[in-house]
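Hello,

I am passing a structure over to you today, and I hope you enjoy getting to know it. Please have a look at it before you read my notes.

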Amino acid sequence: MLLITLERGITRFSNFLGVLSTVLFIVLLFNVFYDVLMRYAFNDVSIAMQELEWHLYAAIFLLGIPYGIQHGGHVRVDLIYENLSIRGKAWVDLFGCVFFLIPFTLLVGYYGVGFAHEAYALGETSGDPGGLPYRWIIKAVIPFAFFSMTISGLGMLIRCINVLRGVSEEGFSHPPIQH
């Protein structure tokens, strides 16, 4: 019962990041609309608004990945995976989490902390005049997102264990999200 409760808690966390990505996407749409309107209607260009577009895009992408991991939207070799039994899929996902996903995300997250800390300590800002200050904020999204991917990977790992124990088939009984 503990593993099922833990899996559901991790799913809620990943869903929250999915909602956050959605909100940031809407903010990005308004940002682009404002930037285009100002550029073509008023001949006014803002470097900060253009940089904000890239920062928002990066945050949307990075924070959306844990949601994709949790809901089966990540890349797999479906040629093999699709034809496996539920237990076979659980074994493939378990192997992928333990040997690929979790070590990689922990490694990038670990080094990302130093990357963001250095930007904070140096007071790093945009290299362009009129660009955004506080470059450490977007750099801090990198380790946060990768540690969140680790958490989602642990959720997937727990789901695999629950399937192999025979207490759940959630997440394996239907095909992945198609877009």
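Below is what I found, going from the whole chain down to single residues.

Please keep in mind that this is a predicted model.

**The chain as a whole**

Let me start with the overall build. The chain has five helices and zero strands, so if you follow the sequence from start to end you will read the pattern α-α-α-α-α. Along the principal axes, the C-alpha atoms fill a box of roughly 60 × 35 × 30 Å. Of the contacts with a separation of 6 or more, 77% are between residues 24 or more positions apart.

As for the surface, about 11100 Å² of the chain is exposed, and 72% of that is supplied by carbon and sulfur atoms. Buried residues account for 36% of the 179 residues.

**Helix 2**

Next, please find helix 2, which covers residues 47-70. Its 24 residues reach 36 Å from the first C-alpha to the last, close to the 34 Å expected at 1.5 Å a residue. Where does helix 2 have a kink? Look at G64: the kink there is about 30°, and the proline P66 comes shortly after it. Once helix 2 has ended, you will meet G72, which has a positive phi, near 75°.

**Helix 4 and the nonpolar patch**

Helix 4 spans residues 86-122, and two of its residues make a nice pair to look at: A90 and L106. Is A90 buried or exposed? A90 has a relative accessible area of 0%, so this residue counts as buried. L106, in contrast, has 39% relative accessibility and is therefore partly exposed, since that value falls between the 20% and 50% cut-offs.

L106 also belongs to a nonpolar patch on the surface, together with L107, Y110, Y111, V113 and F147. Taken together, these residues have about 620 Å² of accessible area. Which helix gives the patch its largest share? Helix 4 does, with five residues. One general point may help when you turn the model around: an α-helix has 3.6 residues a turn, so residues three or four places apart point the same way.

A last distance for you to check on screen: A90 and A145 lie 55 residues apart along the chain, and their C-alpha atoms are separated by 24 Å.

If you want a starting point, I would go to the kink at G64 and then to the patch that includes L106 and F147.

Best wishes

Key: Residues numbered from 1 in each chain as written. Predicted model: local features only at pLDDT ≥ 70, side-chain atom pairs only at ≥ 80, totals over all residues. Heavy atoms only, no water. Patch = residues over 30% accessible without salt bridge, like charges linked within 9 Å, V, L, I, M, F, W, Y side chains within 5 Å. Areas by Shrake-Rupley, 256 points an atom, 1.4 Å probe, with all protein chains shown as cover. Salt bridge = Lys/Arg side-chain N within 4 Å of Asp/Glu carboxyl O. Helix = DSSP H or I, 4+ residues; strand = E, 2+ residues; numbered from the N terminus. Buried < 20%, exposed > 50% of the residue type's maximum accessible area, 1.4 Å probe, protein only. Expected span 1.5 Å × (residues − 1). Bend = angle between axes of the 7 residues up to and from the residue. Contact = heavy atoms within 4.5 Å.
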